[in-house]
Amino acid sequence: MAYTFNGKVALVTGGASGIGKAVVLELIAQGASVVAVDMVEERLTQLAAELQSQSDKLATCLGNVTSEADVDRMVETATSRFGRLDILVNNAGIMDAMTPVGELSTELWNRVLAVNLTGPFLLSRKAIPIMVAQGEGRIVNVASEAGLRGSAAGAAYTASKHGVIGLTKNTAFMYGPQGIRCNAVCPGGVETNIGIGGDYNPTALGISRVMGVLQATAGSRIAKPVELAAVITFLASDEASFVNGAILAADNGWSAV
Ligand SMILES: NC(=O)c1ccc[n+]([C@@H]2O[C@H](COP(=O)([O-])OP(=O)(O)OC[C@H]3O[C@@H](n4cnc5c(N)ncnc54)[C@H](O)[C@@H]3O)[C@@H](O)[C@H]2O)c1
């Protein structure tokens with residue numbers, strides 16, 4: 001199903017790879033103007049090259065979602081270039097090598113929490129006043145299967161994604177009356193760069209632990225990023241007008257087992 005995003009402005013963090021990139025491509029294909037944020041410059045350059053024919057619809061922004069100054073600049077890119085901000089997709093995230101709490105360094109804990117949980121907080125805090133002033137807004141937070149269960153990642157990633165779900169529900173409750181819908185998606189395994197592209201690459205052991213859990217569940221397979229983009233764009237669309245505070249698993253049944 002194609003949704004109409006004509007006239008809408010979106011900001012997608014981690015928008016130059018994997019799920020975020022698929023969301024950027026889908027939103028632009030459906031008429032939105034998009035700010036794609038990422039901290040890897042080459043990926044942003046590649047994205048801009050791919051979307052050269054629609055460069056009027058795309059702004060790229062190099063920055064780190066853990067930096068308040070960068071977050072201010074990301075949101076200001078949306079308002080200065082496109083004049084408003086309707087949709088925020090808090091998607092940027094990193095893994096934790098499936099590290100159990102007893103082996104987890106403070107540095108890795110802080111890093112994972114900063115990117116996966118503080119990032120969505122900072123972006124939401126900056127975007128919400130603009131959305132409130134506009135009378136509407138949609139936030140989609142990309143959580144994880146690890147936000148629903150304890151066996152899908154290490155301690156930091158699991159805690160961060162449970163936190164994202166709490167942030168989502170509270171935002172939905174607090175700002176629903178002001179026209180803002182906030183929902184979360186919990187992907188199962190998705191074919192992206194997260195396992196190879198971050199500062200904390202999962203060790204082979206980490207990946208095999210996750211895959212062992214995944215393979216033990218009925219019907220599990222690895223999704224294409226576009227399958228998650230379909231769910232995220234639905235939640236950001238007018239068609240999801242009565243959906244607020246939902247925590248939607250898109251995991252081929254993993255969480256149902
Ligand atoms: N791939 C999966 O199996 C899977 C499963 C569940 C949840 N998720 C979640 O989906 C989201 C997207 O991940 P993906 O799988 O597409 O990974 P990915 O690595 O392909 O893309 C993530 C992008 O985020 C960017 N990024 C990382 N830290 C950043 C920061 N501090 N500031 C700005 N950008 C930053 C990276 O540079 C990268 O381009 C993440 O939140 C991840 O936790 C992924």
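Begin by selecting helix α8 in this predicted model, where the buried residues of the helix pack against α1, β4, β5, β6 and β7. Those buried positions are Pro225, Leu228, Ala229, Val231, Ile232, Thr233, Leu235 and Ala236, and colouring them apart from the remainder of α8 will make the packing side easier to follow. A distance between the end C-alpha atoms of α8 gives 16 Å, which agrees with the 16 Å that its 12 residues should span at 1.5 Å a residue.

Stay in helix α8 and pick Thr233. Thr233 has a relative accessible area of 3%, and because the cut-off for burial is under 20%, Thr233 counts as buried. Once its neighbours within four places in sequence are set aside, Thr233 is in contact with Tyr3, Phe5, Glu26 and Leu27. If you then add Gln30 to the selection, the C-alpha atoms of Thr233 and Gln30 lie 9.5 Å apart in space, although 203 residues separate the two in sequence.

Now show the strands. In what order do the strands of the open sheet lie? The sheet has 7 strands, which follow the order β3-β2-β1-β4-β5-β6-β7 with parallel pairing. At its edges are β3, residues 58-62, and β7, residues 247-250, each of which pairs on one side only. From one strand to the next, the twist averages 15°.

With the sheet still displayed, bring in helix α1, residues 18-29, which packs on the sheet and touches β1, β2, β3, β4 and β6, its direction making about 165° with that of β1. Helix α8, where the tour started, spans residues 225-236 and also packs on the sheet, touching β4, β5, β6 and β7, with its direction at about 165° to that of β6.

Within helix α1, select Lys21. Is Lys21 buried or exposed? With a relative accessibility of 17%, Lys21 counts as buried. Leaving out residues up to four places away in sequence, Lys21 touches Gly14, Gly15, Ala16, Gln46, Leu47 and Glu50.

Turn next to the pairing of β1, residues 9-13, with β2, residues 33-38: these strands run parallel and are joined by 5 bridges. To see one pair of residues in this stretch, select Val12 together with Ala36 of β2, which stands opposite Val12.

Move along to strand β5, residues 137-142. Here 6 of the 6 residues are buried, so β5 is largely enclosed by the rest of the structure. In a regular strand the side chains alternate between the two faces of the sheet. Accordingly, display the side chains of β5 in two colours: Gly137, Ile139 and Asn141 point one way, Arg138, Val140 and Val142 point the other way, and all are buried.

The two neighbours of β5 can be taken in turn. On the β4 side, 4 bridges join β4 to β5, and the two strands run parallel; Ile87 has Arg138 of β5 as its bridge partner. Adding α4 to the selection completes a right-handed β-α-β unit made by β4, α4 and β5. On the β6 side, 6 bridges join β5 to β6, again with the strands running parallel, and Val142 stands opposite Val185 of β6. Helix α5, residues 155-175, makes another right-handed β-α-β unit with β5 and β6.

Two cysteines are worth selecting for a check of their surroundings. Cys61, with a relative accessibility of 3%, counts as buried, and Cys182, at 1%, counts as buried too. How many disulfides are there? The count comes to 0, when a disulfide is taken as a pair of cysteine sulfur atoms within 2.5 Å.

End with the backbone torsions. Most residues other than glycine have a negative phi. Met98, in the loop between β4 and α4, has a positive phi, near 55°. Its relative accessibility is 12%, and Met98 therefore counts as buried. Asn252, in the segment after β7, likewise has a positive phi, near 55°. The relative accessible area of Asn252 is 41%, so this residue is partly exposed.

Methods. Residues numbered from 1 in each chain as written. Predicted model: local features only at pLDDT ≥ 70, side-chain atom pairs only at ≥ 80, totals over all residues. Heavy atoms only, no water. Pairing = 2+ DSSP bridges. Axes fitted to C-alpha atoms, helices over the stretch in contact; angles between N-to-C directions. Contact = heavy atoms within 4.5 Å. Buried < 20%, exposed > 50% of the residue type's maximum accessible area, 1.4 Å probe, protein only. Expected span 1.5 Å × (residues − 1). Right-handed = clockwise from strand over helix to strand, strands pointing away.
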